Structures are given as structure tokens and as C-alpha cells.
Amino acid sequence: MKAELISEKNGLSILSFDILNRYGIKHGMVIKSNGREIDKEPVYQKLGTGDRLAVTHQVHGDHIETIPPEFSGYYPKKIEADGLMTSVPGAVITIHTADCVPIFLADKENKAVCLIHAGWKGTALGIAQKGLQQFMAAYGLKPGSIAAAIGPAIEQNCYQVGSEVADRFGHSVKMSDGNGKWRLDLKAENRRQLISAGLPPGDIQVSELCTFCQHSLLHSYRREKELKGQMISFMEAL
Ligand SMILES: [Zn+2]
């Protein structure tokens, strides 16, 4: 049984995934603690290990930045990208999401990690598939050597979109509401992209948590209207 685990560390509530814990991969998603809003900057300061914390300014594109050993643009600088990857020991990469899909990729031997932010725009651009291909090419990885987790995001039942969005997606991941509106399954589409880039389905864990439904644990842009906080996903290469 694949499940998520919630633990408390350093005053933060952290969700982690069985499939990544199995390989000892340092990772997690900072979620609400006792229902409190997440304030990003103090969380970044707690996650930082010296000057090795990489933080994104996300633009709903498909660029994923590689953090090389000589990298010097760490927090509080922000990297314009919708994903980060690294094999630098001790470097902590982060992304932030509310309803968008956080995707965690790791080499099972723990030498390289990658985080992807996939909202509908990035998903339509194929960011999961491109990101996985870029990750394998950068670190010489084969599909069978990678473990993946798709984290909490807005679920299909809670995510109604218009045809201008739905038209960008295949019928396997959308259902018609019959009035020109559709229900889009972003988690399923990102899973489909990872499989189409070669990952065995058994190496992909998909969270069943919905950001819109789980108000005591998670932020939702749709539910909260104006965005108050976001969950911060992090990974670290060893
Ligand atoms: Zn929901």
C-alpha cells in the first residue's frame, strides 16, 4: 500500500511519500500545521542549509533549471523556472503550489533529484514528460532507476475548466459537464506523461489528496480565491 506520511519537524508539518522514503530520498511537502496558513519566507529559512536553498519564481512555462556545482544563485535570489534539478550534495531545491501539481523525481540511488510545478499551462506544454527526459539526460538515468511521486493537487471532481483549457487535453483526462465546461484531471495527465516518457507505472505514486477538499491541511487557490499561502515541496540530493 502506497501512502503519505505526515511528520512534524522543526515546527513544520511535512508530508512525505512512501515510494521516496523507501529509497531514503530526502524530500517533503510543507503543509498547514494545525490549520494555520503557510508563510513562505520563514519556511524557506527553516529549510535552508546554509546558502544551499534554491527557490523558484514560477511563470507557468516549461523551463526546468539545472543547479550545477558552481551555482551561486541561491536563496534569497529566485530562479525563474517551473522546475529545478540537481545532483549537488546538500543543495535543497523547492517549488511551491496550491492547486497545481507538484512532481517529485529521484534517482533511486539518491544521486539526483528533480521537482516540477505543473499547473494546467505547464501540463499542456508537457512539462512532466520534458522534465523527465531532461532529468534522465542530465544525469545518465534510465527510466527503471527513477522513483516518482505526484503530490496533492486539485482533483478532477473539483476542477472545472472552460473549453479553451479543455481543448488542450486528451479525452482520457477530461469529462464533459455538458454545458461547455469540463472537469480536468491534472494528476492523471502528468502521470500519463511520465509513463509515456518511459517510467513504469509501479514507480509512480499519486497522492489522492485534493487541495480544494483538504482545507485543514492544504491551500487551494480556487477555494481561497485570493492566494493566501502555498505548500512548499523540497528535495535534497545526497
Ligand atoms: Zn476536491
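# A tour from helix H6 to the two sheets

Start by selecting helix H6 (residues 186-196), where Leu186, Lys187, Glu189, Asn190, Arg191, Gln193 and Leu194 are buried; a residue is called buried if 20 or more other C-beta atoms, placed from the backbone, lie within 10 Å of its own, exposed if 12 or fewer do, and partly exposed in between. Helices (H or I, at least four residues) and strands (E, at least two) are DSSP runs, numbered from the N terminus. Residues are numbered from 1 along each chain as its sequence is written. The model is predicted, and local features need pLDDT of at least 70, side-chain atom pairs count only at pLDDT 80 or more, while totals for chains, interfaces and linings use all residues.

Just after H6, select Gly198, whose phi is positive, near 115°.

**The whole protein**

Zoom out to see seven helices and 17 strands, in a C-alpha trace that spans about 50 × 40 × 35 Å along its principal axes. The radius of gyration, taken over C-alpha atoms, is 17 Å, which agrees with the value near 18 Å for a compact globule of 238 residues, where the globule rule is 2.2 Å times the number of residues to the power 0.38. Buried residues make up 47% of the 238 residues. Of the contacts with a separation of 6 or more, 64% are between residues 24 or more positions apart, a contact being two residues whose C-beta atoms, placed from the backbone, lie within 7 Å.

**Helix H4 against H6**

Add helix H4 (residues 127-139), which packs with H6 at an angle of about 35°, their axes lying 8 Å apart; axes are lines fitted to C-alpha atoms, for helices over the stretch in contact, and angles run from 0 to 180 degrees between N-to-C directions. Ala128, Gln129 and Leu132 of H4 make the contact with Asn190, Gln193, Leu194 and Ser196 of H6.

**The sheet beside H4**

Next, show the open sheet of six strands in the order E6-E8-E11-E10-E12-E16, which has mixed pairing; two strands pair if DSSP finds at least two bridges between them. Strand E6 (65-67) and strand E16 (204-206) are at the edges with a single partner strand each, so one side of each is left without a neighbour in the sheet. The twist from one strand to the next averages 15°. H4 packs on this sheet, where it touches E6, strand E8 (83-86), E10 and strand E11 (113-118), and its direction makes about 165° with that of E11.

Which residues cover the two faces of E11? Val113, Leu115 and His117 lie on one side and Cys114, Ile116 and Ala118 on the other, and all of them are buried. Six of the six residues of E11 are buried, so the strand is largely enclosed by the rest of the structure.

Follow E11 to its partners: E8 joins E11 through four bridges and runs antiparallel to it, with Gly83 opposite Ile116. E10 and E11 also pair in the antiparallel sense, over six bridges, and they form a hairpin with five residues between them, in whose turn Asn110 has a positive phi of about 75°. Towards the E16 edge, strand E12 (residues 146-150) and E16 pair in the parallel sense over three bridges, and the bridge partner of Ala148 in E16 is Ile204.

**Leu105 and the core**

Now select Leu105, found in strand E10 (residues 101-107), which stands opposite Cys114 in E11. Leu105 is buried, with 28 other C-beta atoms within 10 Å. Leaving aside neighbours within four places in sequence, Leu105 is in contact with Val113, Cys114, Leu132, Phe135, Ile146 and Ala148. The C-alpha atoms of Leu105 and Leu132 are separated by 7.7 Å, although these residues are 27 residues apart along the chain.

Leu105 is also one of the residues that touch the most other members of the largest nonpolar core, which has 71 residues; such a core is a set of buried Ala, Val, Leu, Ile, Met, Phe, Trp, Tyr and Cys residues joined through C-beta atoms within 7 Å.

**The other sheet**

Finally, turn to the open sheet of six strands ordered E1-E2-E3-E17-E9-E4, again with mixed pairing. Strand E1 (4-9) and strand E4 (53-54) stand at the edges, each with a single partner strand, so one side of each has no neighbour in the sheet. Strand E3 (residues 26-31) is joined by three bridges to strand E2 (residues 12-17), and the two run antiparallel. Five bridges join E3 to strand E17 (residues 231-236), also antiparallel, and Gly28 stands opposite Phe234 in E17. Five of the six residues of E3 are buried, so the strand is largely enclosed by the rest of the structure.
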